[in-house]
Amino acid sequence: MLELMDTRQGTENQHSYSNGNTLPYTGFPFGMNFFVPQTKHTNGSWFFHPRDRVFQGFRLTHQPSPWMGDFSHLLLTPLSGAFQNADIHHYQSSYRPESAIYQPHYLQITQARYQIKNELVPTTYGAILRSNYRDSNLPGLSLHLPGKGEISLDSNKKQISGYVSNFAGCEDPNFKMYFIMTFNHPIDQEHTGFFQGDNPFTPALSASGEDQHFLIRFLLNQEEPLETRLATSFISSDQAEWNLNQELSPFSFDTLQKQAADAWEYYLNKIEVKNGDFSAVKTFYHCMYRMFLFPQKFYEINQQGEPIHYDTTSKRVKTGVLYTNNGFWDTFRTVYPLYSLLIPDEYEEMLRGFLNSYRETGFLPKWLSPDERGLMPGTLIDAVIADASQKGIARDLIPELFEAMVKTASTVSSKPTYGRQGIEDYDTYGYIPSNHHESVNHTLDYAYSDFCISRVAKELGNKEIEQMFEKRAYNYLNIFHEETGFMRAKDKQGRVEEPFNCFSWGQDYAEGSAWQSSFAVFHDFAGLINAYGGNKPFREKLVQLCNQEPIFETKGYGFEIHEMSEMAAIDFGQVAISNQPSFHLPYLFTYAGDPASSQVLLKQLMTQLFTSSPTGYPGDEDNGSMSGWFIFNSMGFYPVCPGTGEYVIGIPIFDSITIHLPNDKKIEISTKFNQPPFNFVHQVTVNNATYNKLTLEHDLLIKGCTIDFQLGIVPPNKDYAETDLPYSLSTDSAASEYKSNV
């Protein structure tokens, strides 16, 4: 599949508008480092653009999103000739983007200015850069260490080593990444040294301080390209050298390239897709590539073969695995449910890493980069744990993870970045009052997390916790406003703010308005429908949601944020599929017994808004979450409510799909009449038997099965029984529960 890949999908962005806000990462799946060509350092987090024709160097990066920033980054730039200062503008080069190769396992860029052909292949902890110089005049490399850094050179070993310390946020103010580089040619000591600030070039074999530009020159043999082998560590210089010796030193460039290719093919081949429209196939595999980048390994293997990691909280090295660069508000929706089908062993190891985060901080993580950044509402790792529990993943970890869920849900943190914000008020009022930022989303997310905790408690046989948190799962009803049909913020006296504008973004809502935020009741749509007064008024609300202009008010932010611009641009009413809170909205028609409306909406969203191009996403891709949305929906089912083990049936867009399960079983999906006019599912058969339910259970899928979709031009005439509809926590009892809670 790698021949289909160009990692520039979704990379054409700016701070005011996102087509994915992705970077063209070259690295190992879940690797500790990624590598990206830097094209414009003055653009901050948007340091790459696919239409820039400037190459400034290979950036070793740990940036999961431009909104999170980077940590532990450096820039390596091949060059030749003399320079008067360290300004990147003085040594950058043009290149041909259309001739460059951007692949998950391989980068190739030729610098027009220097006529240096560069090839890079990654490993988990480093990379090898092969540079073929045409000009023999002072051939070299510039190593830029933004922030604080230190470097020293050993000419006898033909190597340099040091550290860099730069991060957007971290518990440890002295957090460092150590690095080591070795070369296959002698170092020209006479012309090696550094620039610092506006000072002239200083010949030297070592340097330290802020914003170092170290210039390494070589005595090249023109018959052999320069090979730079780079390894890093968050543990120590010795560990960086160990990583180098284990991963890089014994192997040739070609061997490492094959290893990286094999690693990617292992994951990409887990799903085989066939289709008459090949562009959709390319889009699918680009999304598959995005699924296996994050979270990144934040642990290393020591000389005893044990996993170790740096704990930024205690500032000590500890045993065990750790993962970083992941925001659960985004990824719980699609990423981990897909891992549960395809890579449960990796899923289990990630949970082990998140458990280590809990052990070291006392709270389950919310947004790791490299440690807790505390962004976005809720504690939605609860859904990741509950989904694993329901699917039999990480059984030995679930009891302690359950303890962590309960503690995180009930403990007031002295730091605002940890735990549930406003938890005392939530316990007192049954909702987060409006004096808390984004109170509506916090309330809804806490109610869903409470449901997730109750599910794990039930699995573990803890009846008391199960009942307590199941009752709390109805708290969403405490902010449901019957007159307007929206979730509304309340103050501590239970009053809603007037006048109310349903198009106003921010303040009470996270990255949306009441339209995008009022339906985040994943676990109890039956209760929400009852609160509306039944299927008919609920469906009327959904029709309003879709069939209106994508207008917005900027009140909560005071300016137009990029998510507003993207919703307006895609023109699907208030269904802002450009952002995560809207991911499940198309399926709400199905919960109201109208799957046909879900199907036609889903097909239009998939076929109109996703491509394999640099503008390939309708909004922030966010660590695989939007890619996972496309992958699931294109296969014809989607995990609306992680923690239930259920997938709601939608509509596939491929002729045939084969999912290779980890137990050597297969899910084989075929679609008859897969043509543009056929926008509805006429009939589904599972294992050759007619299938009337609107959901597929994980237990059914994981055993292997055949699923055959027959599409239709018009919706079928069919009334769905209550037992055919997707799972909800309550049915008739929801309205009475609502009244008692209020």
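Helix axes here are lines fitted to C-alpha atoms over the stretch in contact, and the angle between two of them runs from 0 to 180 degrees between N-to-C directions. The model shown in these close-up views is predicted.

**View 1. Helix 4 crosses helix 19 in a left-handed arrangement.**
The axes of helix 4 (278-291) and helix 19 (residues 625-635) come within 8 Å and cross at roughly 130°. Because angles over 145 degrees count as roughly antiparallel and those from 65 to 115 as roughly perpendicular, the crossing makes helix 4 oblique to helix 19. Helix 4 contributes Thr283, Phe284, Cys287, Met288, Arg290 and Met291, which meet Ser627, Gly628, Phe630, Ile631, Ser634 and Met635 of helix 19. Sorted by class, the residues in this contact are 7 nonpolar, 4 polar and 1 charged.

**View 2. Two cis peptide bonds precede proline residues 295 and 370.**
Most peptide bonds are trans. The bond from phenylalanine 294 to proline 295 is cis, however, with omega near 0°, and proline 295 lies in the loop that runs between helix 4 (278-291) and strand 18 (296-297). The bond from serine 369 to proline 370 is likewise cis, with omega near -10°; proline 370 is placed in the loop between strand 24 (367-368) and helix 8 (381-390).

**View 3. Helix 8 is mostly covered by its surroundings.**
In helix 8, 10 of its 10 residues are buried, namely Ile381, Asp382, Ala383, Val384, Ile385, Ala386, Asp387, Ala388, Ser389 and Gln390. The cover over these buried residues includes helix 5 (328-331), helix 6 (335-342), helix 7 (344-361), helix 9 (398-410) and helix 11 (439-460). Glycine 392, which follows helix 8, has a positive phi, near 75°.

**View 4. Strand 10 pairs with strands 4, 15 and 11.**
Strand 10 (residues 140-154) is joined to strand 4 by 5 bridges, and the two run antiparallel; in this pairing, leucine 75 stands opposite histidine 144 of strand 10. Antiparallel pairing also links strand 10 to strand 15 (residues 206-217), here through 11 bridges, with glycine 149 having glycine 209 in strand 15 as its bridge partner. A further 7 bridges join strand 10 to strand 11 (residues 159-165), again in antiparallel fashion, and leucine 153 stands opposite isoleucine 160 in strand 11. Strands 10 and 11 form a hairpin with 4 residues between them, and lysine 158 in the turn has a positive phi of about 55°.

**View 5. Serine 72 and phenylalanine 673 are non-glycine residues with positive phi.**
Most residues other than glycine have a negative phi. In serine 72, by contrast, phi is positive, near 55°, and this residue is found in the loop between strand 3 (57-61) and strand 4 (74-79). Because its relative accessible area is 0%, serine 72 is buried. Phenylalanine 673 has a positive phi near 65° and is found in the loop between strand 30 (666-672) and strand 31 (680-686). With a relative accessible area of 37%, phenylalanine 673 is partly exposed.

**View 6. Strands 19, 20 and 21 form an open sheet.**
The sheet has 3 strands in the order 19-20-21, and its pairing is antiparallel. Strand 19 (300-301) and strand 21 (316-319) stand at the edges, each with a single partner strand, so one side of each has no neighbour in the sheet. Strand 20 (residues 307-311) is joined to strand 21 by 4 bridges, the two strands running antiparallel, and within this pair tyrosine 310 stands opposite valine 317 of strand 21.

**View 7. Arginine 8 is buried in the segment before strand 1.**
Arginine 8 is found in the segment that comes before strand 1 (34-38), and it counts as buried because its relative accessibility is 11%, where the cut-off is under 20%. Leaving aside residues up to four places away in sequence, arginine 8 touches Pro24, Phe48, Pro50, Pro97, Ala100, Tyr102, Ser613 and Pro614.

Key. Residues numbered from 1 in each chain as written. Predicted model: local features only at pLDDT ≥ 70, side-chain atom pairs only at ≥ 80, totals over all residues. Heavy atoms only, no water. Buried < 20%, exposed > 50% of the residue type's maximum accessible area, 1.4 Å probe, protein only. Contact = heavy atoms within 4.5 Å. Pairing = 2+ DSSP bridges. Parallel < 35°, antiparallel > 145°, perpendicular 65-115°, else oblique. Left-handed = near helix turned anticlockwise from the far one by under 90°. Nonpolar A, V, L, I, M, F, W, Y, C, P; charged D, E, K, R; others polar.
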